Amino acid sequence: MTRNIRYSVLDLAPVVEGSNESAALRNVVDLAQLAERLGFYRYWVAEHHNMPGIASSATAVVIGHVAQQTESIRVGSGGVMLPNHAPLLIAEQFGTLETLFPGRIDLGIGRAPGTDQQTSFAIRRNLQGDIDGFPRDVLELQHYLGPLKPGQKVRAYPGNNTRVPIWILGSSLYGAQLAAMLGLPYSFASHFAPQMLHEAIAEYKKRFEPSAQLKEPYLMLGFNVCVADTAEEASFLRTSGLQSLLKMRTGTPGRLPPPVEDFESTLDRGQLHVVKSSRAASAVGTVEDVRASMQKFVIETGADELILVSSIYDHQKRMRSFELAAEAARGVNVPAETES
């Protein structure tokens, strides 16, 4: 017997060098429609601010636009950074989305600000959105999305009783522990921060407590893919995402650059370490290469779902990468008894 693995798409709505936000958002819809045709299970976009290379800062607006332009694929946030927002406002936004597109909306939430401190102040007008209050904010959000309670004075309209599925996102043990304690599905950002992946998985599964939303732990992992007809082309295309990763790590984010030849030969020791670390949750090459890497990763981690990221400069080549990734995923064969 084999275990069924779901595959989804995380779109960072990349704005590439020489282009603009309008084109990036058109590309989001284009890719979402392709993902639906290919059979991907869900399509998520992420909240980032003051980043010139990401066009999904108004995350709920982008989700609504994607849901309107698709028919059945689940659409959601990977994620909304809850310290930036009052839980009531998020409940109203996602309650409205669920009302418009019933049964199709996911609410993935994280505790990072998704930006720098100065921009955080510009978003909140103060810095009282304390990340240490994140568990309390999650419970408040659940409260607004759940059934009305006797005497409840503050309600989300729309929102109450929509029961939008909440996910906890993270890249450390903190998120794993909170997701386990609240009995929520957990998505680990292994596509850009794989260092604590196995520790977080073990913590989540060990501590998980069943809830009204989820009876058993459910684990989704971020996974980079860059697939092409030849391994050489895939390695070349992947250099755009790697350049972007290095810029993020040095605090100088920019638009997604075009690929370059002989990329690794230009890097210093520290940069090479970052690039090599990213390979822990990445697959680059042909369909056969990527299928083997996916299968190995799922068996090693016990993932229930992979959410795929593909940062490729040329939009048509990015679309082709997801077509080939879907082909690779269809051939992944994971024994039912696999445990992480």
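This is a short walk through one protein model, from the whole chain down to a handful of residues.

Okay, before anything else: what you're looking at is a predicted model, so please keep that in mind throughout.

Let's take the whole thing first. We've got eleven helices and nine strands in this protein. How compact is it for its length? The radius of gyration is 19 Å, and the globule rule gives 20 Å for 340 residues, so the protein is as compact as a globular protein of that length. If you lay the C-alpha trace along its principal axes, it spans about 65 × 50 × 40 Å.

Now, how much is tucked away? Of the 340 residues, 53% count as buried. As for the contacts, take those with a separation of 6 or more: 73% of them come from residues 24 or more positions apart. The accessible surface is about 15300 Å², and carbon and sulfur atoms own 52% of that. On charge, I get 32 positive side chains and 36 negative ones. The centres of those two sets sit 5 Å apart.

Right, on to individual residues. I'll start with R104, in the loop between α3, which is 87–100, and β4, which is 105–110. Buried or exposed, this arginine? R104 is buried, because its relative accessible area is 9% and the cut-off for buried is under 20%. Who is around it? Setting aside anything up to four places away in sequence, R104 touches E36, A67, T70, E71, S72, I73, R74, V75 and E98. One of those, A67, also gets a polar contact: the R104 side chain reaches the A67 backbone oxygen at 3.2 Å. For a sense of distance, compare F188, which is 84 residues from R104 in sequence and 21 Å away in space, C-alpha to C-alpha.

Next up, two serines. S282 is in strand β8, residues 282–285. S282 is buried, at 15% relative accessible area. Which residue does its side chain pair with in a polar contact? That's N224: the two side chains are joined at 3.1 Å. N224 also shows up on the contact list for S282, along with F223, R238 and S293, again leaving out residues up to four places away.

The other serine is S211, in the loop between α7, 197–207, and β7, 219–227. S211 is buried too, with a relative accessible area of 15%. Here the side chain goes for backbone: it reaches the backbone nitrogen of Q213 at 3.2 Å. Beyond four places in sequence, S211 is in contact with L182 and G183.

Let me switch to helix α9, residues 269–278, and pick out Q271. This one is partly exposed, with a relative accessible area of 27%. Its contacts, again past four places in sequence, are L246 and T266. Another glutamine, Q243, is 28 residues from Q271 along the chain, and their C-alphas are 9.8 Å apart.

Last bit: backbone oddities, for anyone who likes scrolling through the chain. Where are the cis peptide bonds I wanted to show you? One runs from G78 to G79, with omega near 5°. G79 belongs to strand β3, residues 74–81. Another goes from Y157 to P158, with omega near -15°. P158 is in the loop between α5, 134–145, and β5, 166–170.

That α5 to β5 loop also holds R163. R163 isn't a glycine, but its phi is positive, about 50°. On the surface side, R163 is exposed, with 55% relative accessible area.

And then there's N50, another non-glycine with a positive phi, near 60°. You'll find N50 in the loop between β2, 42–45, and α2, 59–68. Why do I call N50 exposed? Because its relative accessible area is 56%, and exposed means over 50%.

So, quick recap before you open the structure yourselves. Look at R104 with its side chain on the A67 backbone oxygen, and at S282 with its polar contact to N224. Then scroll to the cis bonds at G78 to G79 and Y157 to P158. That's me done, thanks.

How values were computed
Residues numbered from 1 in each chain as written. Predicted model: local features only at pLDDT ≥ 70, side-chain atom pairs only at ≥ 80, totals over all residues. Heavy atoms only, no water. Helix = DSSP H or I, 4+ residues; strand = E, 2+ residues; numbered from the N terminus. Rg over C-alpha atoms; globule rule 2.2 N^0.38 Å. Buried < 20%, exposed > 50% of the residue type's maximum accessible area, 1.4 Å probe, protein only. Contact = heavy atoms within 4.5 Å. Areas by Shrake-Rupley, 256 points an atom, 1.4 Å probe, with all protein chains shown as cover. Lys, Arg positive; Asp, Glu negative; His and termini not counted. Charge placed at Lys NZ, Arg CZ, Asp CG, Glu CD. Polar contact = N/O pair within 3.5 Å; in protein donor to acceptor, adjacent residues only side chain to side chain.
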